[in-house]
Amino acid sequence: VQLQASGGGLVQPGGSLSLSCARSGSILSIYYMGWYRQAPGKQRELVATISGAKTITYADSVKGRVAIFSGDNAWSTVTLQMNNLKPEDTAVYYCYADLKASRRDPRSTYWGKGTLVTVSS
């Protein structure tokens, strides 16, 4: 299983960005997919997550500005739509998947390489 994140970049305050996480490799079950972020000098924090049952959780800092959704029932892509971006949203964003790849594999967490989001005028 591999995760490929894309969509980061430079955006002005108040702007929007859409981050995409593409999953490759077969899976048996998915429990969660979502996004974390890590700003310079800070710990990695949860941004948004969506469960296999489509239950969604957002960090308080992004509620009302961010939406997470899966592209299809196969969980091949998860998108994070971010609106009204603020300078404090500047961070490296990492997508992750909590899943079971096959019957013989344990439940594991997979991470994509980060994508940098910079919010600045």
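Arg37 is buried, with a relative accessible area of 6%, where buried means under 20% relative accessible area, exposed over 50% and partly exposed in between (1.4 Å probe, protein chains only). The model is predicted: local features need pLDDT of at least 70, side-chain atom pairs count only at pLDDT 80 or more, and totals for chains, interfaces and linings use all residues. Residues are numbered from 1 along each chain as its sequence is written, and side-chain values use heavy atoms, with hydrogens and water left out.

**Salt bridges**

Side chains of opposite charge can pair when their charged atoms come close. A salt bridge is a side-chain nitrogen of Lys or Arg within 4 Å of a carboxyl oxygen of Asp or Glu, and the structure holds five of them. Among them are the following pairs.

| Pair | Closest N to O |
|---|---|
| Arg37 and Glu45 | 2.7 Å |
| Arg37 and Asp89 | 2.9 Å |
| Arg107 and Asp98 | 2.7 Å |

The pair of Arg37 and Asp89 links distant parts of the chain, 52 residues apart: Arg37 belongs to strand β4 (residues 29-38), and Asp89 to the loop between β8 and β9. Helices (H or I, at least four residues) and strands (E, at least two) are DSSP runs, numbered from the N terminus. Asp89 is buried, at a relative accessible area of 2%, whereas Glu45 is partly exposed at 35%. In the pair of Arg107 and Asp98, Arg107 is partly exposed, with a relative accessible area of 46%, and Asp98 is buried, with 10%. Salt bridges with shared partners join Arg37, Glu45, Arg65 and Asp89 into one network.

**Strands β7 and β8**

Side chains alternate along strand β7 (residues 66-70): Val66, Ile68 and Ser70 point to one face and are buried, while Ala67 and Phe69 point to the other and are not. Two strands pair if DSSP finds at least two bridges between them; five bridges join β7 to β8, and these strands run antiparallel. Phe69 has Thr79 of β8 as its bridge partner. The hairpin of β7 and β8 has six residues between the strands, and Trp75 takes a positive phi near 55° there.

**Positive phi in loops**

Most residues other than glycine have a negative phi. Lys54, in the loop between β5 (45-51) and β6 (56-58), has a positive phi near 70°. Its relative accessible area of 39% makes Lys54 partly exposed. Asn84, in the loop between β8 (77-82) and β9 (91-100), has a positive phi near 50°. Asn84 counts as partly exposed, at 43% relative accessibility.
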